[in-house]
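Here is a friendly walk through one protein chain, from its surface to a small sheet. Have a look at the model before reading on.

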Amino acid sequence: MTYLDHAATTPLRASAREAWLAAAAELGNPSSLHAAGRRARAIVEDARERIAAALGADAPEVILTSGGTEADNLAVKGLHWGRCAEDPARRRLVVSAVEHHAVIDAARWLHARGDADLVEIAVDAAGVIDLDALDTALDHETSLVSVMWANNEVGTVQPLTDVVALADAHGVPVHADAVQAVPYLEVSFRRAGLSAMTVSAHKVGGPVGVGALVARRGLPLESLAHGGGQQRSVRSGTLDAPGAAAFAAALDAAVAERSAERARLEALRSRLVAGIRTAVPEATVTGPRDPALRLPGIVHCVIPGARAESVLFLLDAAGIAASSGSACTAGVVQSSHVAMAMGWSAEDAACTLRLSMGRTTAEADLDAVLAALPDAVARARAASGAR
Ligand SMILES: Cc1ncc(COP(=O)(O)O)c(C=O)c1O
């Protein structure tokens with residue numbers, strides 16, 4: 001199989017699997033006081049230290065979660081509610097229009113139930129947020145700004161330094177979803193000046209169902225899960241020692257190979273983009289042209305008339321796993337809110353293709369997709385009546 005869907009999930013690393021198995025062989029609830037519990041607790045705390053070190057944070061700032069989705073929800077709802085509890089005038093929640101659904105849907109949910117006034121910051125054609133619009137949305141009534149470090153559909157990297165500087169001027173905390181950034185960019189929570197940051201294990205070769213919210217101490221963060229009071233009562237629930245150990249192992253490996261992988265994928269990306277332009281001239285490759293402003297492993301295009309579900313089905317039949325980059329309901333790809341925010345029509349935004357590369361991607365994978373793509377696109381366009 002040609003696997004070009006690393007942004008969705010990337011293969012589990014052997015080191016992560018081994019760390020998981022070793023920790024899973026230990027008996028004991030990490031919150032129990034006996035020796036077995038203390039051993040399990042030591043595994044969790046060692047993992048927390050390593051995750052913190054890899055992310056430029058302090059261990060107590062790392063709140064382990066069931067993944068990126070939970071961490072995003074905790075950040076958006078927990079911080080918004082916490083800031084409103086401190087001052088009910090702070091009702092304005094500010095997010096970019098291209099956030100992952102875990103952020104944007106959480107924000108829209110808060111708005112729909114009357115808990116927040118929501119401002120979605122527009123982006124330009126390359127997916128970069130409008131800093132002037134952000135500045136306008138910031139004042140003493142703003143609860144939180146959530147702007148992702150790098151986008152999962154098109155790979156655009158946001159100007160977070162500017163976002164943090166603008167928010168700091170009004171004392172507003174910034175949350176960044178760094179799920180896609182961590183594998184390829186120098187991510188330091190401390191240096192970025194963020195208040196909160198989301199990470200997920202399965203994007204760096206760890207297991208699915210493990211992640212973390214890195215959150216500065218002293219933030220007003222309301223809990224979403226009440227229970228045993230674990231993790232400073234912010235996130236109750238029995239600690240997942242094997243998951244934490246595997247996440248730490250995967251993250252260590254990802255950080256160690258990050259800059260070499262970035263250069264390698266950037267070269268593959270150039271080849272893939274050139275190949276797409278020749279093989280499918282009607283495709284528009286989206287996102288910033290400057291490599292410094294995008295992730296190296298994502299190639300996202302809009303192919304008018306070629307509906308994503310048809311192209312993906314035909315590529316799958318040719319042994320190629322790819323994605324549209326956006327959500328899918330009952331086998332039909334929804335128009336991507338990211339592509340629409342970048343100025344594409346709803347129709348074109350349902351005709352997206354995301355090829356995402358990772359550490360197992362080789363030249364042969366590019367050859368395979370470039371060979372299969374023209375026919376898949378032609379057939380998809382014929383099926384939809386496009387010429
Ligand atoms: C940018 C981004 N945020 C959040 C998530 C959700 O993470 P998880 O799958 O760990 O819930 C993803 C996963 O696709 C993502 O790409």
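About 15100 Å² of the chain is exposed, and carbon and sulfur atoms supply 54% of that area; accessible areas come from the Shrake-Rupley method with a 1.4 Å probe. This is a predicted model, in which local features need pLDDT of at least 70, side-chain atom pairs count only at pLDDT 80 or more, and totals for chains, interfaces and linings use all residues. Residues are numbered from 1 along each chain as its sequence is written, and side-chain values use heavy atoms, leaving out hydrogens and water.

Of the 387 residues, 56% count as buried, meaning under 20% relative accessible area. The C-alpha trace spans about 65 × 50 × 35 Å along its principal axes.

The chain contains 11 helices and 14 strands, which are DSSP runs of at least four residues (H or I) for helices and at least two (E) for strands.

Now to one sheet. In what order do its three strands lie? The order is β9-β10-β14, in an open sheet with antiparallel pairing; strands pair if DSSP finds at least two bridges between them. Because β9 and β14 each have a single partner strand, they stand at the edges, and one side of each is left without a neighbour in the sheet.

| Strand | Residues |
|---|---|
| β9 | 284–285 |
| β10 | 298–302 |
| β14 | 352–356 |

Five bridges join β10 and β14 in the antiparallel sense. Across from Leu 353 in β14 stands Cys 301.

Conventions:
Buried means under 20% relative accessible area, exposed over 50%, partly exposed in between (1.4 Å probe, protein chains only).
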